[in-house]
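Let's take a walk through a protein model together. Have the sequence and the 3D view ready, and follow along one topic at a time.

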Amino acid sequence: MSERRFVCRCEDVTLAELDHCLARGLATVEEIKRYTGLGTGPCQGKECVALLCRILIDRGALDPATAQPFTARPPLEPVTFATLAAASLGPATTPAKEPG
Amino acid sequence: MSAELHAMGSATQPLPPEVDVAIVGAGIMGLALAYHLARLARDLKIAVIERGYLVSGASGRNGGGLRMQWGDAGNVRLMMESIDECKGLAQELGINLWFRQGGYLFLARSEAGEQRLVRNAELHAEVGAPTRLLAPAEAQAIVPQLDVSDVRLASFNPEDGVVFPWPFVWGYATQAVRHGARLRTHTAVTRVEPVGDRYRLQLSTGESLLAARVVNATGAWSHGLNAQLGIHLPNQPHRHEILSSEPLKPFLDPLVVDLGSGLYFSQSTRGELVTGITLPDADDGSDTSLSLHSSLRFLGHISRTLVQLMPIVASMKVLRQWVGPYDVSPDGDAIVGPSPGHPRFVQVCGFTGHGFMMAPAVGRLLARWLADGTQHPMLTRWDPGRFASGQAHRREDMIIG
C-alpha cells in the first residue's frame, strides 16, 4: 500500500509535499496554497484548510491563537456560466453586434 | 531535506546594514531584475524586500498571457525578446513554468477593430513577428467552439502563449537567492529618506538599511514610497477582476481576445478556463483605490459575454474569482529609470497590466543598465522624466482587460 497521505484530496497534495514547502521557507497558509495548489480545487479549501492549520500547529509553524484560513474567493460553491449569465448582475452587456 | 532546495527568501532572512542596490517589491519585476543583476555584477550587494509573501501582488493575480501582438513596434520587439527568453527559462530557472505556446487569437467584430488588426499585421510583418490574418472560418478552425457569426476578421500569432505565473516568480526568487541576492519577505519598507548620496530604508521590523541605489518595483503600490521623496509620477492603480473555472481536459489552444468587449480567455495547463474582461468602473470610486474586492457585477457581465461568444462553456462552472491591480501609466508606456530629482532612486513601474509578460526581457535589460549603463531603446522611451518635459506620447492601443 502507498505511504502517501493526502491533505488536500481535490489537488492531491500530500503530507510530504507540505513538509517540502516548509523546508523551502514557505510556512503560511497563503504561501502553501500557492506553492502546492492546496485548496484550489472544487471544494476551494472547505475540506482541507482546517487540516492544514492543524498540521502547521503540530509542526510549530502556526500559532493557534492567530490561525486563519486563506482568503475566501467567491462564489461560495461552483456555479455555471449559464446561471451567472441569466442573473441580472452587473452593467448592461454590449450585444455582440456592437459598432466601434 | 535535500541540498538542491534553495530557499527563496523568508521573513527571517538576515539583511546586511549596507547594500549597493535595494529592490523594494519582490514581484516578477523586482525578482527578474535581482536575478540578472546578481549574475551580471557579482560584487554588488543586493537586497530585495517584500511587504507580503511571494506572488501576493499583481504577479500572482494576472492571467499569465504573453503576446507579440502589439500595436507598436517597440512593444512587438520587446515581447519577441521576452518570449524568446521564455523558451529556455524553465531549464535556466530549474522550475516548470507551464509555458505553452498556443498562440493568441484576436477577434474583430467592428470595422475599427478590423482596421486595427490589418494595421498590426503589416507592422508585425515588418518587425518579423509571425502574425497572420484569418477569415472567421479559419479562426473557427483553431477554436471550433467559437460563434464567429459576426466576426469580421481575426489575427493569430502561433508564438504567443500562456504561463502559470506563480512558478515564474518562485523560479526567479530561487535563482536570485542562489546568485547571492538577499530576499526578505513579510517586511514592509515604511520610510525612505536620502542620507548623503544614499538612501536609508526603515523597515516594519524596526531594522534599517542604507542603499546606494534603490529600485521601486512596487507597481500599483509605488505611489507611497515615491511621495515620501517628493517624486510625483502619474501612474495609478486600477482594479481588474479575473476568474477561473473547474479544470477540463485540454480543448482550447490559443488565448482568445475579443477586441470589442475586452474579453479574454485561455485554458491554463492545469485545465482551468482563465478569463477576464473590460468592466466599466463602479460609481463608488473603488476602482482606483487598491481595494481588491471581488464583485458580482463582474461575474454577470463576463458570463453573458463569454457564453455569447463561446456557447459551449455555458455548463462549465466558475470555481473562483479574484482581483489584481493594473499599474496604469497615462500614455500606456512603462515608467522605468532614474526618478526626476532622484537619479539613484530608480523606477520599474507603470506597466499598465502587461508587466508580467514583459518582465523576462525587462529584468535583463534593466540589470544591464544598472550594472554598466548599457542603454536600450525602450529605456529611453520609458524615462520617468518624460511627463514633466512633455515628451509623453501614446503609441499603443492594444491594451487588453
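**How chain B holds its two domains together**

Start with one pair of side chains: B:E159 and B:K87 form a salt bridge, with N and O 3.1 Å apart. Keep in mind that you're looking at a predicted model. From that pair we'll move out to the domains of chain B, then to the contact with chain A, and then to a few local details.

**The two domains of chain B**

- Chain B is split by the domain assignment into domain 1 (1-98 + 160-235 + 329-401) and domain 2 (99-159 + 236-324).
- Measure from centre to centre, using C-alpha atoms, and domain 1 of chain B and domain 2 of chain B are 27 Å apart.
- How many residues does each domain bring to the contact? Domain 1 of chain B puts in 34 residues, and domain 2 of chain B puts in 43 residues.
- The size of an interface is often given as the accessible area lost when the parts come together.
- For domain 1 of chain B and domain 2 of chain B, the buried area comes to about 3,200 Å², with 63% of it on carbon and sulfur atoms.
- On the domain 1 side of chain B, the residues that lose the most area to domain 2 of chain B are B:R61, B:Q69 and B:D160, which together make up 21% of what that side buries.

**What links the domains**

- Three salt bridges turn up across the interface of domain 1 of chain B and domain 2 of chain B.
- The same interface also has 15 residue pairs in polar contact, both residues being at pLDDT 80 or more.
- Three elements of chain B each give two or more residues to the domain 1 side that touches domain 2: β3 (65-66), α2 (73-87) and β7 (161-162).
- Which of them gives the most? That's α2(B), with seven residues.
- Sorted by class, the side of domain 1 of chain B that touches domain 2 of chain B has 19 nonpolar, eight polar and seven charged residues.

**Where chain A meets chain B**

- This contact involves 41 residues from chain A and 46 residues from chain B.
- Chain A and chain B bury about 3,800 Å² between them, and carbon and sulfur atoms give 63% of that.
- How many salt bridges are there between chain A and chain B? The count is one.
- The partners in that salt bridge are A:E11 and B:R270, whose side chains come to 3.7 Å, N to O.
- Polar contacts add 11 residue pairs across the interface of chain A and chain B, with both residues at pLDDT 80 or more.
- On the side of chain A that touches chain B, the elements giving two or more residues are α1 (15-23), α2 (29-36), β3 (79-80) and α4 (81-86) of chain A.
- Here α2(A) gives the most, with five residues.
- That side of chain A has 19 nonpolar, 12 polar and 10 charged residues.

**A sheet shared by both chains**

- Nine strands make up an open sheet with mixed pairing, in the order β3(A)-β16(B)-β12(B)-β15(B)-β14(B)-β13(B)-β4(B)-β6(B)-β5(B).
- At the edges you'll find β3 of chain A and β5 (132-134) of chain B, each pairing on one side only.
- To see the chains join, look at β3(A) and β16 (residues 317-328) of chain B: they run antiparallel and are joined by two bridges.
- A:V79 has B:V318 in β16(B) as its bridge partner.
- Elsewhere in the sheet, β4 (residues 104-108) and β6 (residues 153-157) of chain B pair antiparallel over five bridges.
- B:L105 is matched there with B:F156 in β6(B) as its bridge partner.

**A few details to zoom in on**

- Over all chains, the structure holds 24 salt bridges.
- One of them pairs B:D72 with B:R381, with the closest N and O atoms 2.7 Å apart.
- B:D72 sits in the loop between β3 and α2 of chain B and B:R381 sits in helix α10 (residues 377-381) of chain B, so this pair ties together parts that are 309 residues apart in sequence.
- Most residues other than glycine have a negative phi, and most peptide bonds are trans.
- The peptide bond from A:P74 to A:P75 is cis, with omega near -5°, and A:P75 lies in the loop between α3 (49-58) and β3 of chain A.
- A:D12 isn't a glycine, yet its phi is positive, near 55°; look for A:D12 in the loop between β1 (6-8) and β2 (13-14) of chain A.

Key: Residues numbered from 1 in each chain as written. Chains lettered and ligands numbered in written order. Predicted model: local features only at pLDDT ≥ 70, side-chain atom pairs only at ≥ 80, totals over all residues. Heavy atoms only, no water. Contact = heavy atoms within 4.5 Å. Buried area = accessible area lost by both parts, 1.4 Å probe. Salt bridge = Lys/Arg side-chain N within 4 Å of Asp/Glu carboxyl O. Polar contact = N/O pair within 3.5 Å; in protein donor to acceptor, adjacent residues only side chain to side chain. Helix = DSSP H or I, 4+ residues; strand = E, 2+ residues; numbered from the N terminus. Nonpolar A, V, L, I, M, F, W, Y, C, P; charged D, E, K, R; others polar. Pairing = 2+ DSSP bridges. Domains from an automatic or database assignment.
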